[in-house]
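Me: I'd like to go through this structure and ask why things get the labels they do. Can you set the values against the cut-offs for me?

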Amino acid sequence: MKVLQFFRAAPFLLVLGALLAFAGPKLKKTAVTKNISVGVPEGFQPLPDDGIAAKYPSPRKPLAVFSNPNGRVDLSVAQKPTTFSNRDYALLLKVYKASIQNMYSKVEFLQEDIRTINKRDFIMLEFVSTVTDNRRGGNLAPIRKYQLVQYAIEGDQLFIFTFDAPAEEQRQWQPIAQEVMASINMK
């Protein structure tokens, strides 16, 4: 009798399991500033200031960086002054794309767009970058990264949201990166 009940429930359990397997990543809404929040993947932790300084050496440190437990995947939010306005997005898309192409040895763009998320426009560039060791006698393996970057202008400030992961882990992280970027809320 119980075996018969199990076999009746088996198709339902298979459908339920499939639905759960395709459920989106678990994101935790996290305030970056009083006006910016983003969904941070479960298990990611904020980097302390000294960790940010070591991983992102720059005179202008990011507002926040969240890393996965092994430290190979990051979500960062940065801010810097700009003289452009949100009416310049079409031009800025071309400028940022060219800038990214100049920054790396090779870039394969997966998507480039201006899109609206939570009633705000963003410039979006999704790509796989490669940095090769071009020094004479250099023998380091190329470094390949999957990156999804979104830019938004508010007043005289440019906000940059970046999700990056090793390129060999793109299949795992790409849907999560897209969900994270779709969760950005700027007031």
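Reply: Happy to, starting with a strand pair: β1 (residues 27-31) and β2 run antiparallel and are joined by 5 bridges. This is a predicted model, where local features need pLDDT of at least 70 and side-chain atom pairs pLDDT 80 or more, while totals for chains, interfaces and linings use all residues. Residues are numbered from 1 along each chain as its sequence is written, and side-chain values use heavy atoms, with hydrogens and water left out.

Me: What makes β1 and β2 count as paired?

Reply: Two strands pair if DSSP finds at least two bridges between them, and β1 and β2 have 5, so they pass. A31 stands opposite S37 in β2, and the two strands form a hairpin with 4 residues between them.

Me: How do you know that β2 also pairs with β10?

Reply: By that rule again: 2 bridges join β2 to β10 (residues 185-186), antiparallel, and at least two are needed. I36 stands opposite M186 in β10.

Me: Why is β10 called a strand, with residues 185-186?

Reply: Strands are DSSP runs of E with at least two residues, and helices are runs of H or I with at least four, numbered from the N terminus. Residues 185-186 therefore just meet the strand minimum. Counted this way, the chain has 4 helices and 10 strands, in the pattern α-β-β-β-α-β-β-α-β-β-β-β-α-β.

Me: Why is β2 called mostly covered?

Reply: Buried means under 20% relative accessible area, exposed over 50%, and partly exposed in between (1.4 Å probe, protein chains only). In β2, 6 of its 6 residues are buried. I36, V38 and V40 point one way, S37, G39 and P41 the other way, and all are buried. In a regular strand the side chains alternate between the two faces of the sheet. For the chain as a whole, 39% of the 187 residues count as buried.

Me: What accessibility class does N118 get, and what class does K119 get?

Reply: N118 is at 43% relative accessibility, so it counts as partly exposed. K119 has a relative accessible area of 85% and is therefore exposed. N118 lies in the loop between β6 and β7, and K119 lies there too. Phi of N118 is near 50°, positive in a residue other than glycine; K119 has a positive phi of about 65° and is not a glycine either.

Me: What makes β3 and β6 edge strands?

Reply: The open sheet has 7 strands in the order β3-β4-β5-β9-β8-β7-β6, with antiparallel pairing. β3 and β6 (106-117) each pair on one side only. Further in, 10 bridges join β8 to β9, and I153 stands opposite L158 in β9.

Me: How do you know that F44 and W173 form an edge-to-face pair?

Reply: Rings of Phe, Tyr and Trp (its six-membered ring) pair if their centres lie within 6.5 Å; planes under 30 degrees apart are stacked, over 60 edge-to-face, the rest tilted. By this rule the count comes to 7 aromatic pairs. F44 and W173 sit 5.6 Å centre to centre with 70° between the planes, so both tests are met. F44 is in the loop between β2 (36-41) and β3 (45-46) and W173 in helix α4 (residues 170-182), so the pair ties together parts 129 residues apart in sequence. Both F44 and W173 are buried, and with F163 they form one aromatic cluster.

Me: Why is the K97 charge said to sit over the ring of F109?

Reply: The rule wants NZ of Lys or CZ of Arg within 6 Å of the ring centre and within 35 degrees of the ring normal. The charged end of K97 is 5.0 Å from the centre of the F109 ring, so the distance test is met.

Me: What lines the largest pocket, by residue class?

Reply: The lining divides into 14 nonpolar, 7 polar and 7 charged residues. Among the 28 lining residues, Y56, S76, M103, I160 and T162 lie nearest the pocket centre.

Methods. On a 1 Å grid over the protein atoms alone, a cavity is a set of points where a 1.4 Å probe fits but cannot get out, and a pocket is an open set with protein on both sides within 12 Å along at least five of seven lines; lining residues have an atom within 4 Å of a point. Ala, Val, Leu, Ile, Met, Phe, Trp, Tyr, Cys and Pro count as nonpolar, Asp, Glu, Lys and Arg as charged, and the others, Gly among them, as polar.
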